[in-house]
Amino acid sequence: MAAYWLVKSEPEVYSIDHLAAEAEQRAHWEGVRNYQARNFMRDEMKLGDGVLFYHSNTKPPGVVGTATVVRESYPDHTQFDSNSRYYDPKATPESPRWFMVDLAFAEKFPRLLSLDEMREMPGLENLPLVRRGNRLSVMPVSPAEWKAILRAARG
DNA sequence: GCCAACGTTGGC
DNA sequence: GCCAACGTTGGC
């Protein structure tokens with residue numbers, strides 16, 4: 001059975017509309033530079049998994065839609081590119097440190113489901129997103145949480 | 001723009 | 001291997 005995830009992105013950098021506008025509506029999920037988030041992508045995200053798309057650093061922050069994992073993990077090429085803001089001088093092609101998956105656009109919700117609303121919803125207490133001080137940019141979502149969020153966001 | 005939270009780095 | 005300094009995230 002497919003698993004579920006949530007990924008964060010600053011919409012000014014990369015929004016769900018950017019993803020929907022890509023060729024074939026799919027893109028590399030590059031630039032993740034946190035080990036815990038990387039491990040989820042590298043080891044656990046599987047083809048066909050569902051992904052909640054969250055807009056951070058915006059007013060208000062919240063979940064705006066969903067995507068699907070269409071390619072499992074492989075090295076993030078931006079770690080080798082000294083011109084990239086994601087360059088990592090300690091990474092080599094022989095021993096890559098950072099990984100990414102490919103995501104395809106699936107759905108844009110009729111409205112943004114805000115972080116505040118999710119904090120009020122029963123059943124999301126264990127979602128890292130709603131925890132104070134949380135900074136994880138890729139996190140697992142349980143089937144029950146997924147269902148509750150979709151129901152609330154679709155109205 | 002501020003700043004709390006927290007992950008990472010590097011000196012020892 | 002500890003931990004202070006530092007940098008980043010991300011809500012507000």
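A residue counts as buried here when its relative accessible area is under 20% and as exposed when that area is over 50%. Keep that cut-off at hand for this tour of a predicted model.

**Stop 1: the whole chain**

Start with chain A in cartoon view. Four helices and six strands make up its secondary structure, and along the sequence they come in the order β-α-β-α-β-β-β-α-β-α. The radius of gyration is 15 Å, close to the 15 Å that the globule rule gives for 155 residues, so chain A is as compact as a globular protein of that length. If you draw a box along the principal axes, the C-alpha atoms fill roughly 45 × 35 × 35 Å.

Now switch on a surface. Its accessible area is about 8,500 Å², with 48% belonging to carbon and sulfur atoms. Of the 155 residues, 45% are buried. Should you like a contact map, look at pairs at least 6 apart in sequence: 71% of those contacts join residues at least 24 apart.

**Stop 2: Tyr4**

Select Tyr4, which sits in strand β1. Is Tyr4 buried or exposed? Its relative accessibility is 18%, and because the cut-off for buried is under 20%, Tyr4 counts as buried. Next, show its surroundings: leaving out residues up to four places away in sequence, Tyr4 touches Gly50, Met139, Pro140, Val141, Ser142, Pro143 and Trp146. For a distance check, pick the C-alpha atoms of Tyr4 and His55; they lie 17 Å apart in space, with their positions 51 residues apart in sequence.

**Stop 3: the aromatic pairs**

Display the rings of Phe, Tyr and Trp. How many aromatic pairs are there? The count comes to five. Zoom in on Tyr4 and Trp146: the ring centres are 4.3 Å apart and the planes meet at 20 degrees, so this pair is stacked. Tyr4 belongs to strand β1 and Trp146 to helix α4, so the pair ties together parts that are 142 residues apart in sequence. Trp146 is buried too, at a relative accessible area of 12%.

Then move to Trp5 and Phe40. This aromatic pair is tilted, with 5.6 Å from centre to centre and 55 degrees between the planes. Trp5 lies in strand β1 and Phe40 in helix α2 (residues 35–44), so the pair ties together parts 35 residues apart in sequence. Colour both by accessibility: Trp5 counts as buried at 2%, and Phe40 is buried at 14%. Before leaving the rings, select Tyr14, Trp29 and Phe53, which ring pairs link into a cluster.

**Stop 4: helix α4**

Finish with residues 143–154, helix α4. These twelve residues reach 16 Å from the first C-alpha to the last, close to the 16 Å expected at 1.5 Å a residue. Which residues of α4 are buried? They are Glu145, Trp146, Ile149, Leu150 and Ala153. Turn the view to look down the axis of α4: the buried residues fall within an arc of 125 degrees, so they line one face of the helix. On the other side, Ala144, Lys147 and Arg151 are exposed.

To see what the buried residues of α4 pack against, add β1 (4–9), β3 (50–55), β4 (62–75), β5 (99–114), α3 (115–120) and β6 (138–141) to the selection. Last of all, click on Gly155, which follows α4 and has a positive phi, near 80 degrees.

Key: Residues are numbered from 1 along each chain as its sequence is written. Chains are lettered from A and ligands numbered from 1 in the order in which they are written. This is a predicted model: local features need pLDDT of at least 70, side-chain atom pairs count only at pLDDT 80 or more; totals for chains, interfaces and linings use all residues. Side-chain values use heavy atoms; hydrogens and water are left out. Helices (H or I, at least four residues) and strands (E, at least two) are DSSP runs, numbered from the N terminus. The expected span of a helix is 1.5 Å times one less than its number of residues. Buried means under 20% relative accessible area, exposed over 50%, partly exposed in between (1.4 Å probe, protein chains only). The arc is that of the directions from the helix axis to the C-beta atoms. Contact means heavy atoms within 4.5 Å. The radius of gyration is taken over C-alpha atoms; the globule rule is 2.2 Å times the number of residues to the power 0.38. Accessible areas come from the Shrake-Rupley method with a 1.4 Å probe; for residues, only the protein chains shown count as cover. Rings of Phe, Tyr and Trp (its six-membered ring) pair if their centres lie within 6.5 Å; planes under 30 degrees apart count as stacked, over 60 as edge-to-face and the rest as tilted.
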